[in-house]
Amino acid sequence: MKERVLQWLRGSHNSVRFRFLGLPKYWLTYLFQYRLRGRSWIEFYGDRLDGFVDIEKPLPEGYAARGEVFFAYIRKHDLEPHHRFLDYGCGFLRTALPVIRHLTEGRYVGVDISAQRIARGRRYLRSNGIEDDAYEVHVVEDCKLRELEGQRFDFVWAM
């Protein structure tokens with residue numbers, strides 16, 4: 001019991017250290033570098049996510065396999081090759097790989113708030129034989145999705 005409590009106190013996200021040092025730092029950064037300069041929470045969080053991405057580092061083992069599990073679920077719900085597919089929060093594009101292979105070229109569209117995660121995902125897709133012109137991805141700065149204006153989708157995937 002004592003060891004679990006110590007592990008909880010020392011942990012990275014639920015720890016006392018994180019709550020009293022890490023979180024205030026994030027809130028102050030958001031307040032002074034973003035909010036007071038007219039920038040949004042989404043810009044702050046997108047920049048924060050960008051800071052965690054190492055483009056050269058391989059994706060964790062089993063990461064791509066999870067994309068296959070998601071794809072099996074999507075297929076079970078009747079995704080057809082002619083459908084237009086929106087991946088809302090596409091991140092590293094792990095679900096994109098099997099979906100793009102299934103769809104007619106150009107029918108996959110992904111959006112995310114992290115430019116670095118999308119860049120890493122593009123690299124992942126290229127390493128698996130998917131060229132950049134086979135799909136469309138956008139970095140979004142708000143939830144209004146202006147980048148998708150006028151487009152219609154048969155499937156929207158938000159994971």
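**Figure 1. Leu-145 lies in the loop between β3 and β4.** In this predicted model, the phi angle of Leu-145 is near 55 degrees, a positive value in a residue other than glycine. Leu-145 also belongs to a nonpolar core of six residues, among them Val-111, Val-140 and Leu-148.

**Figure 2. The chain as a whole comprises six helices and four strands.** From the N terminus on, the elements follow the order α-α-α-α-β-α-β-α-β-β. The C-alpha trace spans about 55 × 45 × 30 Å along its principal axes. Of the 159 residues in the chain, 33% are buried. Among contacts with a separation of 6 or more, 65% involve residues 24 or more positions apart. The exposed area of the chain is about 10500 Å², and carbon and sulfur atoms supply 53% of it.

**Figure 3. Four strands form an open sheet in the order β3-β2-β1-β4, with parallel pairing.** The edges are occupied by β3 (136-139) and β4, each of which has a single partner strand, so one side of each is left without a neighbour in the sheet. From one strand to the next, the twist averages 15 degrees. Strand β2 (residues 108-112) is paired with β3 in the parallel sense over four bridges. In this pair, Asp-112 stands opposite Val-139 of β3. Helix α6 packs on the sheet and touches β2 and β3; the direction of α6 makes about 160 degrees with that of β3.

**Figure 4. Strand β4 (residues 155-158) has one covered and one uncovered face.** Which residues lie on the covered face of β4? They are Phe-155 and Trp-157, whereas Val-156 and Ala-158 lie on the uncovered face. In a regular strand, the side chains alternate between the two faces of the sheet. Strand β4 pairs with β1 in the parallel sense, over four bridges. Within this pairing, Leu-86 stands opposite Val-156.

**Figure 5. The largest nonpolar core of the chain has 22 residues.** The residues with the most contacts inside this core are Phe-85, Tyr-108, Leu-125 and Tyr-135. Helices α4, α5 (96-102) and α6, together with strand β4, each supply at least two residues of the core. The largest share, four residues, is contributed by α5. Apart from this core lies another, of six residues, which includes Val-111 and Leu-148.

**Figure 6. Tyr-108 touches residues from several parts of the sequence, including Phe-85, Ala-96 and Tyr-135.** Residues up to four places away in sequence are not counted here. Other residues touched by Tyr-108 include Cys-90, Leu-93, Val-99, Ile-100, Leu-103 and Val-137. Asp-87 and Glu-136 are also among the residues that Tyr-108 touches. Tyr-108 is one of the residues with the most contacts inside the largest nonpolar core.

**Figure 7. Helix α3 (residues 41-50) contains the buried residues Phe-44, Gly-46, Leu-49 and Asp-50.** Against which helices do the buried residues of α3 pack? They pack against α2 (16-34) and α6 (115-127). The N-terminal end of α3 is capped by Ser-40, with a side-chain oxygen 3.3 Å from the backbone nitrogen of Ile-42.

**Figure 8. His-77 occupies a place in the loop between α4 (63-76) and β1 (85-88).** The side chain of His-77 reaches the backbone oxygen of Tyr-73 at 2.9 Å. Is His-77 buried, partly exposed or exposed? Its relative accessible area is 41%, and His-77 is therefore partly exposed, since this class lies between under 20% for buried and over 50% for exposed. The C-alpha atom of His-77 is separated by 22 Å from that of Gln-151, and the two residues are 74 residues apart along the chain.

**Figure 9. Asp-78 is also found in the loop between α4 and β1.** Its phi angle is near 70 degrees, a positive value in a residue other than glycine. The relative accessibility of Asp-78 is 53%, so Asp-78 counts as exposed, the cut-off for this class being over 50%.

Definitions and conventions:
Residues numbered from 1 in each chain as written. Predicted model: local features only at pLDDT ≥ 70, side-chain atom pairs only at ≥ 80, totals over all residues. Heavy atoms only, no water. Buried < 20%, exposed > 50% of the residue type's maximum accessible area, 1.4 Å probe, protein only. Polar contact = N/O pair within 3.5 Å; in protein donor to acceptor, adjacent residues only side chain to side chain. Contact = heavy atoms within 4.5 Å. Pairing = 2+ DSSP bridges. Axes fitted to C-alpha atoms, helices over the stretch in contact; angles between N-to-C directions. Areas by Shrake-Rupley, 256 points an atom, 1.4 Å probe, with all protein chains shown as cover. Core = buried A, V, L, I, M, F, W, Y, C linked by side-chain atoms within 4.5 Å.
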